Amino acid sequence: MPHKSGISTLKLFLFKRISMKRLLCSLIFLAVLCANSSAQEIRISEAPPVETQNLVIGLVRGVGSKKNSAFNLMQEGGVFLARTLYGVPFLEETPESPATCAAAMERVIARGANLIIAGGGFRMIDAVDDVARLHDDVRFVLLDCSAKTYLHNVSSVTFRQNEASYLAGAVAAWGTQSGKVGVLGALDAPVINDFILGFEAGAKKIRHDIQLDIRFIGTQYPEIIPFIAIPEAHAMADDMYADGCDVIFAVASAANAGVFQSAKSHNRFVIGVDSDQDFVAPGLVLTSVMKRLDIAILHTIASARDGTLSNVDISLGLKENGVSITPMTYTWPLFSELELRQLKMFALKIKQGVINVPSAVTAATVAP
């Protein structure tokens, strides 16, 4: 079975890349879980149809290094496991700026890619729409954002990050002593506001009088790329802690590093995003809101292999294991048994639809 050989390969990989151990161990578990799930849930296909034997993936990552962003790191985990399970070839590009995304897609297509995974979220909407119109025989999947137009060769995978953020908001409300928590986002954009709405709803479920201090790097520093603005994030987090916040939810991609530095300096709590960032500052990172781009990549490849990839948006939330919070490895002793049970109950009620978490993202539709 491919899963067993994948585990052996994974052990060697983890020995060489200790910083990714939590991510990749969880990938193996989720691959097995997904293989046994229902047809409506994420699947891992067993064998490709004959016509998909020549599948070549072109992964165009989010702007910046694949190593310095939890967002891109999660994609790296998906690439590793897809290679392990399927042996599918990947061609990879990491654009230097949003303006170079289309050129990066063209480069991997020129090298033979016939399935483009656009891993840069809303900053790749226009690039996907433009390049897809020029390459009718190439499939495009936009991660973490709806497509501008669902052409016959364009799909997307979006996340209900507001659901996991609700849980993080509850954690923040239990963790704060000042009664004031902050959110530091990269940009005032729908996908980031979706985190914020869920976080606020969860926090206020626990403490109706809680205060939220919401700031955006891109608003205060409009001349820079906010997702990689580590010094600026550090300075803004310093100000937020000084203004009375004792928990900051950092939703700023690679710029989160600046918030973690500030949290360590002030000995205050922080909440990570996209991947498991709890280990960055053990005991200070209360939890992290994980966006499973790794699982999205696996789902995309499985669908392409079995011929079910179509021009629609696939929405992943808590129910589909597409988002979650971490197990709080270093911080769970800070919370009472009752609080931890309540957190699990919130997650269950969200999955069941009993709790409807507010969202800033509208549902995608298929083009006629």
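Which residues form one aromatic cluster with F195? In this predicted model, the cluster is made up of F195, F199 and F249. Within the cluster, F195 and F249 are both buried. The count of aromatic pairs in the structure comes to four, and one of them joins F195 to F249 in an edge-to-face arrangement, with 6.1 Å from centre to centre and 70° between the planes. Because F195 lies in helix α7 (residues 190-206) whereas F249 belongs to strand β8, this pair ties together parts of the chain that are 54 residues apart in sequence.

A further aromatic pair is formed by Y166 and F346, again edge-to-face, with a centre-to-centre distance of 5.7 Å and an angle of 90° between the planes. Here Y166 is contributed by helix α6 and F346 by helix α12 (residues 337-352), so that distant parts of the chain, 180 residues apart, are linked by the pair. Y166 counts as buried because its relative accessibility of 5% falls under the 20% limit, and F346 is likewise buried, with a relative accessible area of 5%.

In soluble globular proteins, nonpolar side chains tend to be buried together. The largest nonpolar core of this model holds 88 residues, and those with the most contacts inside it are F90, L167, L184, F249 and I301. Helix α6 (residues 161-175) gives the most to this core, supplying nine residues. When residues up to four places away in sequence are not counted, L167 touches L318, I325, L343, F346, A347 and I350. Apart from the core to which L167 belongs lies another, of 25 residues, which includes V56, L91, C101 and C145. C101 counts as buried because its relative accessibility is 0%, and C145 is also buried, at 14% relative accessibility. A disulfide is a covalent bond between the sulfur atoms of two cysteines; a search of the whole structure finds zero disulfides.

The secondary structure of the protein comprises twelve helices and twelve strands. Among the helices, α10 (residues 256-266) has N256, G258, V259, F260, S262 and A263 as its buried residues. These buried residues pack against helix α9 (230-242) and against four strands, namely β6 (180-185), β8 (247-251), β9 (269-274) and β10 (285-291). Just after α10, N267 adopts a positive phi of about 55°.

A polar residue within a helix is illustrated by D129, which is found in α5 (residues 125-134). D129 counts as buried because its relative accessibility is 6%, and its side chain makes a polar contact, at 3.1 Å, with the side chain of R133. An α-helix has 3.6 residues a turn, so residues three or four places apart point the same way. With neighbours within four places in sequence left aside, D129 is in contact with K148, T149 and L151.

Over the protein as a whole, 57% of the 368 residues count as buried, and the accessible surface comes to about 15200 Å², of which 55% belongs to carbon and sulfur atoms. Among contacts between residues at least 6 apart in sequence, 69% join residues at least 24 apart.

Key: Residues are numbered from 1 along each chain as its sequence is written. This is a predicted model: local features need pLDDT of at least 70, side-chain atom pairs count only at pLDDT 80 or more; totals for chains, interfaces and linings use all residues. Side-chain values use heavy atoms; hydrogens and water are left out. Buried means under 20% relative accessible area, exposed over 50%, partly exposed in between (1.4 Å probe, protein chains only). Helices (H or I, at least four residues) and strands (E, at least two) are DSSP runs, numbered from the N terminus. Contact means heavy atoms within 4.5 Å. Accessible areas come from the Shrake-Rupley method with a 1.4 Å probe; for residues, only the protein chains shown count as cover. A disulfide is a pair of cysteine sulfur atoms within 2.5 Å. A polar contact is a pair of N or O atoms within 3.5 Å; within protein, one must be able to donate a hydrogen and the other to accept it, and residues adjacent in sequence count only if both atoms are side-chain atoms. A nonpolar core is a set of buried Ala, Val, Leu, Ile, Met, Phe, Trp, Tyr and Cys residues joined through side-chain atoms within 4.5 Å. Rings of Phe, Tyr and Trp (its six-membered ring) pair if their centres lie within 6.5 Å; planes under 30 degrees apart count as stacked, over 60 as edge-to-face and the rest as tilted.
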